[in-house]
Amino acid sequence: MKLIERNLYLQKLLNVVGTPDIKVITGIRRSGKSKLMDEFISQIQKINKNANCIHINLNLKKFQHLQNSEELYAYANSNFDQNKDNLLLIDEIQMCKNFEKTINSLHEEERFDIYLTGSNAFLLSSDLATLFGGRVFEIPIFPFSFVEYVKYYSFHDKPEEAFDSYVTQGGMSGSYLYKNPEDARQYLTGIVRTTVTKDIVDKYRIENENLLNMIVDFLMDNIGSQTSIRNVANSLTSNTYKTNDKTCGSYIDYLCKSFLFYPIKRYDIKGKKYLETDKKYYLADIGLRYAILGTKNADYGHIYENIVALELLRRGYEVYIGNLYDKEIDFVAIKNGSNTYFQVSDDISRPETFNREIRPLLSVKDAYPKILLARTKHEESQYEGIKIIDIAQWLLE
């Protein structure tokens, strides 16, 4: 498999070398957590000749004897070198029974700089503080960005062509190995169904897996739409099939904890307060939607929204849906106390569409940057202080 350096995440890891926290790489299945660990070890060995990298991959047969906490502790201890900088790096940590006891003990001893990856079923963001007493630095990893996709396929001089294929193929790089599109779709479908089964059904002892899959399909079909739990329950309830708000709410929460979907809250721009109701849910990678639903209801405006939402999260923004009186702004992105407002559209070539999309941004009277992203295929322009940028060019910034 062709590998590219994932510099964004690699730099995040390098920035926290030597800090006292337990570093945990999280993200959807098959997003490259173990490959990132390999890259990180390679970089550490280049820049620190005194590094002692103790790398354990519990998926490998040669490390299967470490799948209990006592053996894992003994192995780490026997490989410790007091004259070196000791890094303990463990892949698939959940395969060790009672792993948290060993990791917490090793962390207390302050002899190792600790890095972990593992199944989402055992290393959910919400569980990390409980497992490790809050002494955790989380490095969230996402599927390939458009920049990484272009780099992988060497599409540097064909951004428009690259974007069209990225929109359907997505960023799950494991699917790139399949020459037949149907085989690639089968691979992506397997990621979704394995996430449902292993990260949710088994962990939470879900009895109604069919309902969970129905909710997955519903959220995929409605990316970019405000979603109330009650509406989901009502939409899935029929004369022969019934569910309720509580069950649907729990199942959606599980889907988000497994990194399959990302919930985005609403933000009242005038009142400067966060609103809990009617969130939007965006998929971890748009390629998964095509794998499950095909081209059904391919609303490109909402699909582009999904791509932009994940890109803003990659770039380290807090992301919200903006509400101003009766108008909605697709995203309020906040970083270092500064806001940037984004509106996302498919085609703004018609005056009525352009006016509809620009109006919410014009209604915001503060001085923060305002950007309209669309499929313009032109150089950046401005309208009354609002930047109008081709979405493919913005993704490449």
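**Close-up views of a predicted model**

**View 1. Helices α7 and α12 are oblique to each other in this view.** The model is predicted, and in it helix α7 (residues 159-169) packs against helix α12 (residues 286-293) at an angle of about 60°, with the two axes 6 Å apart. An angle of this size lies outside the range of 65 to 115 degrees that counts as roughly perpendicular, and is not under 35 degrees, so the pair is classed as oblique. From α7, the residues that meet the partner helix are Y166, V167, T168 and Q169, and they face I286, G287 and Y290 of α12. Sorted by class, this contact comprises four nonpolar and three polar residues, with no charged residue among them.

**View 2. Helix α8 crosses helix α12 at roughly 100°.** The axes of α8 and α12 come within 8 Å, and the crossing angle makes α8 roughly perpendicular to α12. On the α8 side the contact is formed by R185, L188, T189, V192 and R193, while α12 contributes G287, L288, Y290, A291 and I292. Six of the residues in this contact are nonpolar, two are polar and two are charged. G287 and Y290 of α12, which meet α8 here, also take part in the contact with α7.

**View 3. One cavity of 30 Å³ or more is counted in the model.** The largest cavity has a volume of about 90 Å³, and its lining is made up of F146, Y166, A284, D285, I286, N306, I307, L310, E311, R314 and L395. Helix α13 (residues 300-314) gives the most to this lining, with five residues. By class the lining divides into seven nonpolar, one polar and three charged residues. Two of the lining residues, Y166 and I286, are also found in the contact between α7 and α12.

**View 4. The largest pocket encloses about 830 Å³ of space.** Of the 33 residues that line this pocket, R30, S31, G32, K33 and K35 are the closest to its centre. Two elements, α2 (33-47) and α8 (181-204), give two or more residues to the lining, and α2 gives the most, with six residues. The lining of the largest pocket comprises nine nonpolar, 14 polar and 10 charged residues. Helix α8, a contributor here, is also the helix whose axis comes within 8 Å of that of α12.

**View 5. The second largest pocket holds about 610 Å³ of space.** C256, K257, F261, Y262 and P263 are the closest to the centre of this pocket among the 23 residues that line it. At least two lining residues come from each of α5 (125-132), β5 (136-140), α11 (245-257), β6 (261-268) and β7 (273-283). The lining of the second largest pocket contains 13 nonpolar, four polar and six charged residues.

**View 6. Confidence along the chain averages a pLDDT of 92.** A score of at least 70 is reached by 98% of the residues. Among the elements of the chain, strand β11 (residues 370-374) has the highest mean pLDDT, at 98, whereas α5 has the lowest, at 74. Helix α5 is one of the elements that supply the lining of the second largest pocket. Where pLDDT is low, predicted coordinates should not be read in detail.

How values were computed. Residues numbered from 1 in each chain as written. Predicted model: local features only at pLDDT ≥ 70, side-chain atom pairs only at ≥ 80, totals over all residues. Heavy atoms only, no water. 1 Å grid on protein atoms, 1.4 Å probe; cavity = no way out; pocket = protein on both sides within 12 Å on 5 of 7 lines; lining within 4 Å. Points joined across faces, edges and corners; volume = space filled by probe spheres on them. Helix = DSSP H or I, 4+ residues; strand = E, 2+ residues; numbered from the N terminus. Nonpolar A, V, L, I, M, F, W, Y, C, P; charged D, E, K, R; others polar. pLDDT = per-residue confidence, 0-100. Axes fitted to C-alpha atoms, helices over the stretch in contact; angles between N-to-C directions. Parallel < 35°, antiparallel > 145°, perpendicular 65-115°, else oblique. Contact = heavy atoms within 4.5 Å.
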